[in-house]
Structure formats: structure tokens, C-alpha cells
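Biologist: I'm new to this one, so could you walk me through it? I'd like to ask about one place at a time.

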Amino acid sequence: MMSIKVYNTLTKQKEEFVPIHPGKANIYVCGVTPYNHPHVGNARPFVTWDVIRRFLEHEGYDVTHVQNFTDVDDKIINTANKEGVQWYDICNRYIDSYFEVMDKLNVRRAHVYPRVSEHIDDIIKTVQCLVDNGYGYVVDGDVFYSVEKFKYYGQLSGRNIEDMMAGARVDVDDRKHNPMDFALWKSAKPGEPAWESPWGPGRPGWHIECSTMSMKYLGETFDFHGGGSDLIFPHHENEIAQSEGCTGIHPFVHYWLHNGFITVNEEKMSKSLGNFFMVIDILEHYDPETLRFFIVSTHYRSPLDFSDARLTEAQKSLARLRQAQETLGELSEMLSAGPTAESLALREKVKELREAFMEAMRDDFNTALAISHMFALAKEINIYHKAVVDAGIKPDGKLVAMFNDVFAETCSIIGVLEKTAAPAAEEAGDSKEAELVEMLIAMRQDARKNKNYALADELRNKLNEIGIVLQDTPQGVKWSKQ
Ligand SMILES: [Zn+2]
């Protein structure tokens with residue numbers, strides 16, 4: 001296996017990925033609190049980790065991907081109370097919505113989706129372990145974690161306890177030994193779900209679930225932990241304190257990877273600014289593949305700004321790749337011949353572009369750079385197609401096969417243009433529109449018959465510009481709307 005470098009938040013540097021178990025990569029990603037539809041801030045980490053997972057699998061790793069649902073939470077309880085329904089009704093509704101949205105974004109499903117409500121016994125065991133080890137203390141049915149007891153506290157976020165106390169708006173709770181101490185277990189309040197525990201009825205604090213459920217499914221120490229950079233503190237810092245406080249094993253996680261912030265029209269995303277985009281709102285204006293492509297076109301650690309202009313740009317870029325895919329389809333249908341000096345040189349170029357793509361991915365999953373090599377490949381496909389058509393020669397069969405392999409391979413890692421969706425014309429629009437498109441397709445077919453490839457290409461490009469994508473198949477031309 002070739003070496004992969006990842007930027008580790010824990011050590012603040014790029015490091016070579018060395019798996020704990022040879023050939024395996026264990027990943028835990030913090031999931032959503034299902035009290036609303038997924039927003040763009042959710043889409044980014046999950047699309048990012050989907051690409052990372054695809055690449056690790058491509059490189060031959062046996063990946064186990066675990067992602068939780070925080071289904072016990074104040075926001076869920078509040079929403080349920082507002083609507084007059086049960087908390088689990090809210091969870092079920094928005095977990096369904098989560099899967100619906102992520103399926104559309106072509107995000108592969110994790111292997112396990114543990115939920116807090118189904119792991120209360122495991123969580124109680126972890127809290128008990130922390131109390132037994134002297135990290136947890138009990139006050140009136142609440143259990144707190146004593147941050148001063150844990151010598152690595154602050155290592156992940158790069159802060160020390162004094163700075164945190166000075167900088168944070170800490171709600172003063174006299175029962176805590178230190179204002180930075182956090183709840184492992186919260187005693188029951190009226191109108192809230194509660195479970196029996198050694199400290200009386202109550203429910204888990206937020207952070208303890210991820211320590212408990214990640215270790216349950218991936219072991220006491222595992223390879224990758226991911227999430228948005230907003231989770232570094234306090235959530236991930238506290239996860240480390242809990243897991244290591246319980247097991248005594250350091251480090252709990254070998255590589256912490258965090259995706260960058262999201263802004264909307266260059267403002268930090270927040271509900272109060274009214275720019276809290278739901279993914280379903282964006283999908284009313286852009287197809288899911290465009291949104292996915294937009295997300296991965298920026299390196300995962302860089303900030304990402306959502307705006308109409310940038311999404312439209314991504315749509316156009318993706319259309320260029322789609323067009324190259326079609327052109328490649330045309331090349332593949334032609335009768336092929338042996339190599340020429342030019343095509344032999346191109347074969348080398350395709351190999352180089354493939355290697356450049358993989359090298360970018362191996363360098364901290366640099367999708368932005370990797371995708372630039374996909375565009376270079378697309379350009380070569382278009383140039384070669386034109387050269388073949390202009391000269392009236394047969395394409396080099398081996399070269400076309402290489403184009404196909406590398407194009408498909410890189411697309412499957414990025415997770416776009418994987419399936420050539422060609423819905424029947426009648427599904428794609430009203431009958432007048434369909435008639436017009438069919439008419440233009442017929443004109444293009446005539447042009448091709450008359451070897452007027454320039455006109456044929458122009459018709460296809462013009463259709464492409466208005467979002468009609470043509471696909472040449474053995475059964476004839478199919479078209480679809482983007
Ligand atoms: Zn978490």
C-alpha cells in the first residue's frame with residue numbers, strides 16, 4: 001500500500017497513516033442530532049468522510065465506519081414538547097430525513113449507526129468506570145467529569161484550563177469542582193426522558209455517548225475520528241478525557257480529522273442570521289450531484305462558502321466533466337484501431353494524470369487538486385476525440401479503454417458521474433419540451449450521418465448549456481435533464 005498522509009488535529013501536523021490493525025481503517029464520525037432536516041453544515045462532514053472512506057477502500061483498506069445519532073438531547077425534547085409529540089417521533093422523522101438527503105448526495109451508509117437511547121446501559125458503565133477511576137464525581141444525582149484530573153486535557157484543542165476559564169462564558173454551577181467540569185450524567189427533570197442509573201433516574205450528558213459507542217464498535221483505541229472543527233472543543237476534547245480516563249490507553253484515537261467551517265454568502269452560518277440552509281432547500285435549485293461536487297471541490301480543511309454563484313460554478317464544472325464522459329462514450333462506440341505515435345504518448349499522459357490524482361488524494365485527501373487532474377483528463381478526451389473525428393481515423397482502442405478506466409475510477413472515488421442516469425424522455429418533462437428536444441436530437445443525428453460533426457457537437461453543447469444531457473447508447477440517443 002502506498003503511504004497516505006493525513007493532517008492530525010492532535011499533533012497539528014501531517015503524518016503518515018499507519019493503521020492500528022494492518023490493512024484495516026476504523027473510522028468514527030460524529031453524527032447528527034435528529035431534531036431538524038440536515039443543513040449544509042451536516043452535508044459537508046458526511047460527504048467528506050464518504051470520499052475519505054471511498055479512497056481508503058480504493059487503496060485496499062478494509063474500512064469500518066461508525067456514525068452515531070444523538071437521539072437524546074435538549075433540542076429534540078424541546079421540539080417534541082412544542083409539537084406535542086414524543087421525543088422518539090421527532091428522532092424517527094429526522095433520521096429518515098437524514099438518510100433520504102444523504103442517499104441523494106450519494107453518501108454510502110456507515111456500517112453501524114448507534115443511537116444513544118439504545119446504549120444507555122453501555123453509557124452507564126462508562127460513567128461508572130470514570131467514577132471508579134476518580135475522574136467522575138457525583139452531586140445530587142448528577143455526575144461531573146473533573147477536568148483537572150486528566151493530564152492531557154486541552155491537548156487536542158491546544159488550550160489549557162486557565163485559558164479556557166478566562167475565555168469561555170462559563171455558567172457558574174457551585175456544585176462543580178472546576179467551572180470547566182462537564183456533565184457525564186444529568187439527573188431527571190420533569191417532562192424529559194429518563195433512565196434508571198446507580199445515581200438515580202436521568203440521562204447521559206452529550207459527550208459520553210461518543211466515547212462509549214465508538215469504543216464499543218471500534219475498540220478502546222482506533223484509527224480515525226472525524227467531525228466539524230466546531231466539535232474540537234469541547235466535544236472531542238471531552239471524548240478523549242472520558243475514553244482515556246476510563247481505559248488508561250493513550251491515545252484513544254490516532255488521527256483526528258476536522259473539516260473546515262462553513263459560511264453562507266461569506267457570513268458564518270447561524271440560525272439568527274437566517275442563513276441556516278437546509279440541504280432540501282438547496283436541492284430545490286441544484287441537483288444533489290452538483291451539491292456533492294461543490295463540497296468536494298474544496299479541500300476538506302479549507303473554509304467553504306455557500307452561495308448561488310459558487311454553486312452555479314460547480315454546476316458548470318460538473319457539466320464539463322459530464323460532457324467529456326459523453327464524448328468518451330462516443331469514442332468507445334467507434335471501431336478502434338492500433339496505436340499511433342500520438343496515442344502512445346497520450347497513454348503515458350493518462351497514466352500520469354491518474355498517478356497525479358492518486359497522489360493528491362494520498363496527500364491529506366486533497367480533492368480540490370485531485371479534481372483538477374480530472375479536468376485535465378477530460379480535456380485530453382475532448383482533444384483526442386476531435387483529432388480522431390477531424391482526421392477521420394479510428395481511435396486507439398487501448399487508449400480509449402484507459403480513458404474509460406481512469407475516468408470511471410476517479411469518478412467513483414469522488415462519488416460523481418457514477419451512474420449514467422437516463423430517465424425516459426416522458427419522465428423528463430412536458431410533452432412540448434420533449435418534442436423540441438427530440439427534434440434537436442434528430443437534427444444532430446442527421447448532422448452526424450452527413451459527417452457534419454461540428455454541427456452535431458454544437459447542437460449537443462447548446463442542449464447541454466440549457467441542462468439537457470444527451471447520451472449515446474446502443475439503443476439510440478437518450479436524454480435527461482440535469
Ligand atoms: Zn460525537
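Biologist: Which helix holds Met-443?

Modeller: Quick heads-up: this is a predicted model, where local features need pLDDT of at least 70 and side-chain atom pairs count only at pLDDT 80 or more, while totals for chains, interfaces and linings use all residues. Residues are numbered from 1 along each chain as its sequence is written, and side-chain values use heavy atoms, with hydrogens and water left out. Helices are DSSP runs of H or I with at least four residues, strands are runs of E with at least two, and both are numbered from the N terminus. Met-443 falls within residues 431-449, and that run is helix α15.

Biologist: What is the relative accessible area of Met-443?

Modeller: Buried is under 20%, exposed is over 50%, and partly exposed is in between (1.4 Å probe, protein chains only). Met-443 counts as partly exposed because its value is 43%.

Biologist: What accessible area does the nonpolar patch with Met-443 have?

Modeller: A patch takes residues with over 30% relative accessible area and no salt bridge, joining like charges within 9 Å and nonpolar side chains (Val, Leu, Ile, Met, Phe, Trp, Tyr) within 5 Å. The areas are from the Shrake-Rupley method with a 1.4 Å probe, and for residues only the protein chains shown count as cover. Met-443 forms this surface patch with Leu-436 and Met-439, and together they have about 300 Å².

Biologist: Which residues coordinate the zinc ion?

Modeller: Donors are N, O and S atoms within 2.8 Å of the metal (3.2 Å for Na, K and Ca), and since water is not among the atoms, sites may look incomplete. The donors here sit at 2.0 to 2.1 Å, and they are the SG atoms of Cys-30 and Cys-210 plus the NE2 atom of His-235.

Biologist: How many residues apart in sequence are the parts tied together by Cys-30 and His-235?

Modeller: The zinc donors follow the spacing C-x179-C-x24-H. Cys-30 is in the loop between β3 (24-29) and α1 (40-58), while His-235 is in helix α7 (residues 232-247), so the parts they tie together are separated in sequence by 205 residues.

Biologist: What is the relative accessible area of His-235?

Modeller: Both of those zinc donors are tucked away: Cys-30 is buried at 7%. His-235 is buried as well, with a value of 1%.

Biologist: Which strands stand at the edges of the open sheet of 4 strands?

Modeller: Strands pair if DSSP finds at least two bridges between them. The sheet's order is β5-β6-β7-β8, with antiparallel pairing. Two strands have a single partner each, so one side of each is left without a neighbour: β5 (136-139) and β8 (202-204).

Biologist: Which residue in β7 is the bridge partner of Phe-144?

Modeller: Strand β6 (residues 142-145) runs antiparallel to β7 (residues 182-187), and 3 bridges join them. In β7, Phe-144 is matched with Ala-183.

Biologist: Which residue in the turn of the β1 and β2 hairpin has a positive phi?

Modeller: Strand β1 (residues 5-8) pairs with β2 in the antiparallel sense over 4 bridges, and Lys-5 stands opposite Glu-16. The hairpin has 4 residues between its strands, and the one with a phi of about 60° is Lys-12.

Biologist: How many salt bridges are there?

Modeller: A salt bridge needs a side-chain nitrogen of Lys or Arg within 4 Å of a carboxyl oxygen of Asp or Glu. One example is Glu-192 with Arg-203, whose closest N and O atoms are 3.1 Å apart. By this rule the count is 30.

Biologist: Which residue forms a salt bridge with Arg-301?

Modeller: Arg-301 is partly exposed at 33% relative accessibility, while its partner is buried at 0%. The closest N and O atoms of the pair are 2.8 Å apart, and the partner is Asp-364.

Biologist: In which helix are Lys-351 and Glu-348?

Modeller: These two side chains meet in a salt bridge, at 3.3 Å from N to O. Lys-351 is partly exposed at 48%, and Glu-348 is partly exposed at 40%. They are 3 residues apart, which means a separation of about one helical turn in helix α11.
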